Amino acid sequence: MDCLILGGGPAGAAAARLLAGRGHDVTLVTRPDVGGPAFGVSIPPSTDKLFRMLDIEAHVARADAVRSTGHTVWWRPGDERIETFAGQARGWQVRLDRFSAALLDAAREAGARVVCERVESLDAARRAFDATYVIDATGRAGVAARARGWRTPESGPRTVALAAVWRAAEGWPVPDDTHTLIEAYEDGWAWSIPFRTPDTAARTSDRTSRRYIAVMVDPERSRLAAGRARDVYLGELAKTTRFRALVGAAALEEGPSGWDATMYGAARFAADDLLLAGDAGSFVDPLSSIGVKKALASGWLAAVAVRTALLDPAMRQTAFAFFDTREREVYAAFRARTREYLAEAAAGRAHAFWADRAADDAASAAPAADPGRAHAVQAAWDELRAEPRLRVRRGGNVRVEPRPAVRENLIVLEPRLVSSDDDPGVGYVHDVDVVALVDLAPAFDDVGALFEAYVRQRPPVGLQHFAAALATAVARQWLVCYK
C-alpha cells in the first residue's frame, strides 16, 4: 500500500481524495460512528479554492450547509461590527459530522478504501496495514504525535468550549441570521453559527431556526471541574449582553457538550515515513474560524508531499521538510493573529480571564512585521521615478538557487532569489516572477520597455503590480540603482 491515513476528518479525507484520485493505493482508517454530540463549524469563502483543487464542490453542496455572508461581532465594550465578506462572497456554516461524511464520500469516489475501526496506537495500525507512508490525521487525539512525543501544548491558561443547540421558532433578532456571531464578555467569549437539519435543508431561504451557541471559558476560573456543565454554561451566557438577549426567547434543545479548545503545536510535523496533518499536528483557537480551512490545506499538502516521495524517492526529504516548514509557518501565523484578537479584547477589560491571556500574549507573541518595509518600498519607487533613466544592476548579496514549491500537486525545485543558505527564497512578488525580473532589469534603461519585455516572456500582470515588484526588488537590494 502506498499510504495509510489515520483519521476521517477534513484533513484525512482531503489527503485520501487527492492521493487516490491520482492512482495511488490508499487506505483511510476512521473510527466508527457511535453518535454523540455534533459540532458546528464556520468555513470562510477563501476555502472555495481548496474545494476546487480537490474537486469536491459537489460533495460540499450535499452537506446541508447554510451559506453565510459574514460576521457580526461585539468584541470591545460598546462596539458592534457587522463584517461582510468581500466581493459578496459567501462562506459555509455546517455540522462537522455532515461535512466530514461528504468528504469521506469524495475519498471513496476517488478510489480510497475507507475502513471503520478504532485506531488503538500507531504501532497497531502499522501492524494491521502495511504502508510505505502514514499520514496521522487523528485530530486532537494525535495518535502518532503523542506516540512520538511531538505534541507541544501552549503555555498559559487553558480554554474549554461548551456548546449547545438552541431553537428560536420565530427566528433570531440579528442583522443577518447567516452570520457567525461573536461576543466578548468579562470571563470569556461566546460564539454562534446557524445550522440546518436535513428536513429543512431543501428550503430555498437561508433563514434557520437553530443555532449552535458556544462559550469559551477558563475551566479553573469558571469552576467547570467542580460544577455541572449545564449550570456553568447557562451561568456564562448570563454574563453576556447580546447572547443573553438572543436566548431569552429561545429553547435549549441539545447539550451542552464540551471539549478542550486550548491551542497546541508540534515539535515536528514530519519524519522519514510519517506526517502530521490538520489538528493532529496543531490546533488554533476557534476564534479564527479557520480550523476547517487549515485542516483541508494541511491534508492536501501532506498528500502532495507523499505523492512527490512516491513518484520521486530522491525528493522525499525535500518534500517532507517543505511540509514541516509550511505547517510551522501556518501555526505561527494563526497563533499570532489569535494573540492580537485576545489582546484587543483585554484592553477594554480588567477581568482575570483577559488579564491572564494578555500576560501570556506579552510573553509569547510572535515578532512583529518589519514596520519599515512598506516605507522602504515607497522610497525605492520614489527614487526610480525621480531618475530620467532606469539604471540598475543585480545586488551583490542575492543569488538564484533552487527551492521547493508546489506545482500541479507535486513538490518541485524552482529558482528563487536567496541571500543565505537557509533563506527559503522569494519567487513571486505581486504575482511578478522576481527571478525573471532581476535577470531582465539590468539590460533596460526604461521601465516601460522592461515591462513589455517581461510580459512577452511571462504570464501577463498589471503595470501597477509590476511597478510594485520592481520597487520591492530595489528596496530589498535584489537590484541596486546606480548613476
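Helices and strands are here DSSP runs, numbered from the N terminus, with at least four residues for a helix and at least two for a strand. The model under discussion is predicted.

By that assignment, the protein chain holds 15 helices and 23 strands. Its radius of gyration is 25 Å, close to the 23 Å that the globule rule gives for 483 residues, so the chain is as compact as a globular protein of that length. Along the principal axes, the C-alpha atoms occupy a box of roughly 75 × 60 × 45 Å. Of the 483 residues, 51% are buried. Among contacts with a sequence separation of 6 or more, 71% are between residues 24 or more positions apart.

The interior may be considered next. The largest nonpolar core contains 71 residues, and Phe99, Ile135, Leu296 and Phe320 have the most contacts inside it. Helix H9 makes the greatest contribution to this core, with 11 residues. Ile135 illustrates how distant parts of the sequence are brought into contact: leaving aside residues up to four places away, Ile135 touches Cys3, Leu4, Ile5, Leu6, Ala15, Leu19, Leu275, Ala277, Ala302, Ala303 and Val306. Apart from the largest core lies another, of 29 residues, which includes Leu417, Val432, Ala436 and Trp478.

Attention now turns to the second largest pocket. This pocket encloses about 900 Å³ of space and is lined by 34 residues. Ser46, Ile290, Lys293, Phe334 and Arg337 are the lining residues that lie nearest its centre. Several elements each supply at least two residues of the lining: strands S3 (40–43), S5 (70–74) and S6 (80–84), together with helices H2 (48–54), H9 (291–311) and H10 (316–346). H10 gives the most, with eight residues. By class, the lining comprises 18 nonpolar, nine charged and seven polar residues. Helix H9 thus appears in two settings, as a contributor to the pocket lining and as the element that gives the most to the largest nonpolar core.

Thr47 offers a final point of detail. This residue is located in the loop between S3 and H2, two elements that also contribute to the lining of the second largest pocket. Thr47 has a relative accessible area of 0% and therefore counts as buried, for which the cut-off is under 20%. Not counting residues up to four places away in sequence, Thr47 touches Lys293 and Leu296. Of these two partners, Lys293 is among the residues nearest the centre of the second largest pocket, whereas Leu296 is among those with the most contacts inside the largest nonpolar core.

Conventions
Residues numbered from 1 in each chain as written. Predicted model: local features only at pLDDT ≥ 70, side-chain atom pairs only at ≥ 80, totals over all residues. Heavy atoms only, no water. 1 Å grid on protein atoms, 1.4 Å probe; cavity = no way out; pocket = protein on both sides within 12 Å on 5 of 7 lines; lining within 4 Å. Points joined across faces, edges and corners; volume = space filled by probe spheres on them. Nonpolar A, V, L, I, M, F, W, Y, C, P; charged D, E, K, R; others polar. Buried < 20%, exposed > 50% of the residue type's maximum accessible area, 1.4 Å probe, protein only. Contact = heavy atoms within 4.5 Å. Core = buried A, V, L, I, M, F, W, Y, C linked by side-chain atoms within 4.5 Å. Rg over C-alpha atoms; globule rule 2.2 N^0.38 Å.
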